[in-house]
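I opened this notebook to record what I looked up in one protein model. The entries run from the whole chain to single side chains.

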Amino acid sequence: MTLRRASRLTSWRGFAALLLLPVLVSACAAAPNCPQAAPQPDLARFYASLDELKSGARKTPVTVLHIGDSHIALDHMTGVLRARWQAAFGDAGRGLPPGVAYPYYSPQGYTVAMSGPWAVASSLKAGVAGPFGLQGFRVSSASAGAEIALQTGHDVGMVEIDAMGGPTSGSLLLKLDGAAPLRLSTRASSPGLVRLHAPAAAAHRVLLTPLGDGPVTLLGWAMLTGKPGIRYDSYGISGATLDVVSHWDAAIVDEQIRALAPDLIMLGYGTNEGFNDRLDLGAYAARLEALIVRLKRLAPNASIAVLGSFDGARRAKPGAVKICGDGWMTPPKLGPLRETQKQVAERAGATFFDGSRVMGQACGIEQWVNGTPPLAWPDHVHLRPEGSRRAGAALWAELMGAYEARACAR
């Protein structure tokens, strides 16, 4: 069997051991001085959910949904958050885009490979035909020779599959470790989202194959433990702006969010639109606020956090004023965009995190590119793995600092 675009398997336990600081809130009470952190009233619902989980009163997972651009697609920053939340509150699993949705796909703790005739589609560009859900990608095949294989060190207790169904849709064969394959049908009386669930007994290998009785279209899948804890679904698309949400099928997304019932929704857009000198900030503010209002309607118990754009730079044009280092400049719309994101978040009752603060100062990306060790790539946009991990730690402190301080003071 020839495998196409396989990601690298990472030991989850080793990864967590390297990254985790003593973040368990129960340990804080023994400290002589409690940490100080600004209150985060917009996260009150999320904190209450964590309290219920910690006390044992809640038997279902606390779910985090994180959508955005390449900073979220590359799993280094989100990997820090996932590791810390799941170490502190328990591991309930995670959602994944379908198959191998894009090059360099490497979810922490999993290796995924595809073989055979799969068609992969991205929602990045407007006008792409066909359905998309929250995951932003889909993979399709009608061939029994197509296969998706997943290997993990996690104990998988439940496989959850989001598929596009219809009157002519086909079936899937799902094989868990060495067990006999399960047949799962995506056929439905009318076109729409089909959500499939298959129990597993601490499986570590998942094999998915179309049966060949009709086309199969996968929008995403999740590997769940079946236990209380944190479920953290993170979906990013390299090059995406906030507009990508409008490329998704609204009925599918609405149904996915209602079924997921997230406790925290994080929006990680801004870097790419900040490089657009023709960006209409007023129109952008209206789109962002409308999305937050929609999310609150679909997930009324969720807290919402807006991740403001990280610092970035591009080659300076002749006569440019804001120069960062050797011929690089801050895009003129990047700072105003970040301020717009902040104003909208405050107006809509969402938490705002200024991503540029991770780098400490104006033109901070230049310092990250040229530092020792370098924390950003020479394109002055994307973060290296260590830079992404630092960003994840900073975002954790912003989101959880007040929670830990409150728990410490009890």
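The entries below cover the overall fold, the confidence of the model, its salt bridges and one hairpin.

**Entry 1. The whole chain**

I noted at the outset that this is a predicted model. I looked up the secondary structure and found 10 helices and 17 strands. I then checked burial: 56% of the 410 residues count as buried. For the accessible surface I obtained about 16,800 Å², with 56% of it belonging to carbon and sulfur atoms. I also asked how far apart in sequence the contacting residues lie. Among contacts between residues at least 6 apart, 78% join residues at least 24 apart.

**Entry 2. Confidence**

I recorded a mean pLDDT of 89 for the protein, with 89% of its residues at 70 or more. Which elements mark the two ends of the confidence range? Helix α1, residues 12-19, has the lowest mean pLDDT of the elements, at 36. Strand β1, residues 62-68, has the highest, at 98. I marked residues 1-31 separately, since pLDDT stays under 50 there. For that stretch the model has 70 contacts beyond four places in sequence.

**Entry 3. Salt bridges around glutamate 160**

I found 16 salt bridges in the structure. I began with the one in which the side chains of arginine 195 and glutamate 160 meet, at 3.3 Å from N to O. Arginine 195 lies in strand β9 (residues 192-210) and glutamate 160 in strand β6 (residues 147-165), so this pair ties together parts that are 35 residues apart in sequence.

Are these two side chains buried or exposed? Arginine 195 counts as partly exposed because its relative accessibility is 24%, whereas glutamate 160 is buried, with a relative accessible area of 9%.

Glutamate 160 also meets the side chain of arginine 231 in a salt bridge, at 3.0 Å from N to O. I noted that this pair links distant parts of the chain, 71 residues apart: glutamate 160 is in strand β6 and arginine 231 in strand β11, residues 230-236. Arginine 231 has a relative accessibility of 9% and therefore counts as buried.

**Entry 4. A salt bridge within helix α10**

I next looked up glutamate 386, which forms a salt bridge with arginine 390; their closest N and O atoms are 3.4 Å apart. Why are the two separated by about one helical turn? They are four residues apart in helix α10 (residues 385-409), which means a separation of about one turn. Glutamate 386 is partly exposed, with a relative accessible area of 33%. Arginine 390 also counts as partly exposed, at 40% relative accessibility.

I then returned to glutamate 160 to trace shared partners. Salt bridges that share partners join Glu160, Asp162, Arg195, Arg231 and Asp233 into one network.

**Entry 5. The β7 and β8 hairpin**

I looked up how strand β7 (residues 171-176) pairs with strand β8 (residues 182-185), and found the antiparallel sense over four bridges. Which residue in β8 is the bridge partner of leucine 173? The partner is arginine 183. Between the strands of this hairpin I counted five residues. Aspartate 177, in the hairpin, takes a positive phi near 50°.

Terms used:
Residues are numbered from 1 along each chain as its sequence is written. This is a predicted model: local features need pLDDT of at least 70, side-chain atom pairs count only at pLDDT 80 or more; totals for chains, interfaces and linings use all residues. Side-chain values use heavy atoms; hydrogens and water are left out. Buried means under 20% relative accessible area, exposed over 50%, partly exposed in between (1.4 Å probe, protein chains only). Contact means heavy atoms within 4.5 Å. Accessible areas come from the Shrake-Rupley method with a 1.4 Å probe; for residues, only the protein chains shown count as cover. pLDDT is the predictor's confidence in each residue, from 0 to 100. A salt bridge is a side-chain nitrogen of Lys or Arg within 4 Å of a carboxyl oxygen of Asp or Glu. Two strands pair if DSSP finds at least two bridges between them.
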